[in-house]
Amino acid sequence: MRVLVLADIHANLAALEAVLGAAGEVDSVWCLGDTVGYGPQPNECVALMRERQQAMLVGNHDLGCLGSISLSNFNRDARIANEWNGSQLTEENREFLLSLSPMQQVNDTVTLAHGSPRDPVWEYLLDTVGATYSFDHFSTPICFVGHTHQPVIFTADMLGDHCTATIPTDNLVLKLQPDKRYIINAGGVGQPRDGDARSGWAIYDDEQQTVTFHRTTYNIRRTQTLMLEHGLPNILAARLSFGM
């Protein structure tokens, strides 16, 4: 099975459409949360994911837009964008997002979490210390995460010890080893934060036991124009050009 793994779309339809086009034929789509927030097209992104996904999580920005968690936990610009996103959501899309969980085990091999297995809503896995603790909170060989908008591979032994971190490059093919466990972040679709403005995503092949990392260029100006037309904060539009 060839699975498209993506996260952090953040209402950026231009980026999402570019990723889906670049991925081509896939057997399944797994979305790791934060489909809305920040960007200008929340309903379009939720509708497209509802149509395409086979597994989907809710993220902290989704929950903020829904009013399920306090917007006081977000910075000023994120609060403004989340309030606007929440006000735009149709009742049907709201109900769909409310039905989702921030963590899900999809089969005997793979767990999905928005933030981390230890704290699927809020924790940012940025180093091996946090990753090492997280290996104790899922039982499968692989866990895909989002939330940081930064691609990374955390690798440990079967006990979750001796954790190492690798930053994957575009088109890197990770061959999964049977004596290892992994926490993998494919990067952010709608708002990358690793200095590369291209959308980050991955293909997981459960037959070949590989994860292939990709970056895709999209029409950033299209998204920025819509953000400014809707009165969203200038800084949120500007950062898309720099992948920050």
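Colleague: Why does Arg 76 count as exposed in this predicted model?

Modeller: Arg 76 has a relative accessibility of 55%, and since the term exposed is kept for values over 50%, Arg 76 counts as exposed.

Colleague: What makes the contact of Asp 77 with Arg 76 a salt bridge?

Modeller: The closest N and O atoms of Asp 77 and Arg 76 are 3.3 Å apart, and because the cut-off for such a pair is within 4 Å, the contact is a salt bridge. A search of the whole structure gives 7 salt bridges.

Colleague: How do you know that Asp 194 and Arg 215 form a salt bridge, and what does the pair tie together?

Modeller: The closest N and O atoms of this pair are 2.7 Å apart, which satisfies the requirement of being within 4 Å. Asp 194 lies in the loop between β10 (180-185) and β11, whereas Arg 215 belongs to strand β12, so the salt bridge ties together parts that are 21 residues apart in sequence.

Colleague: Why is Asp 194 called partly exposed, and why is Arg 215 called buried?

Modeller: Asp 194 has 33% relative accessibility, and Arg 215 has a relative accessible area of 16%. Because buried means under 20% and partly exposed covers the range from there up to 50%, Arg 215 is classed as buried and Asp 194 as partly exposed. Elsewhere, Asp 170, Asp 196 and Arg 198 are joined into one network by salt bridges that share partners.

Colleague: What makes Arg 50 and Glu 92 a link between distant parts of the chain?

Modeller: Their side chains meet in a salt bridge with an N to O distance of 3.3 Å, and the two residues are 42 residues apart, with Arg 50 in helix α2 (residues 42-52) and Glu 92 in helix α5 (residues 91-98). Glu 92, at a relative accessible area of 54%, is exposed, while Arg 50, at 30%, is partly exposed.

Colleague: Why can Asp 206 belong to a surface patch, and what is the charge of that patch?

Modeller: Patch members need over 30% relative accessible area, and Asp 206, which is partly exposed, has 31%. Together with Glu 25, Asp 27 and Glu 207, Asp 206 forms a negative patch, and its place is in the loop between β11 (199-205) and β12 (210-216).

Colleague: How do you know whether the protein, with its 8 helices and 12 strands, is as compact as a globular protein of its length?

Modeller: Its radius of gyration is 17 Å, close to the 18 Å that the globule rule gives for 244 residues, so the protein is as compact as a globular protein of that length. Buried residues make up 60% of the 244 residues.

Note on methods: Residues are numbered from 1 along each chain as its sequence is written. This is a predicted model: local features need pLDDT of at least 70, side-chain atom pairs count only at pLDDT 80 or more; totals for chains, interfaces and linings use all residues. Side-chain values use heavy atoms; hydrogens and water are left out. Patches are made of residues with over 30% relative accessible area and no salt bridge: like charges are joined within 9 Å, nonpolar side chains (Val, Leu, Ile, Met, Phe, Trp, Tyr) within 5 Å. Accessible areas come from the Shrake-Rupley method with a 1.4 Å probe; for residues, only the protein chains shown count as cover. Lys and Arg count as positive and Asp and Glu as negative; His and the chain ends are not counted. The place of a charge is taken as NZ of Lys, CZ of Arg, CG of Asp or CD of Glu. Helices (H or I, at least four residues) and strands (E, at least two) are DSSP runs, numbered from the N terminus. Buried means under 20% relative accessible area, exposed over 50%, partly exposed in between (1.4 Å probe, protein chains only). The radius of gyration is taken over C-alpha atoms; the globule rule is 2.2 Å times the number of residues to the power 0.38.
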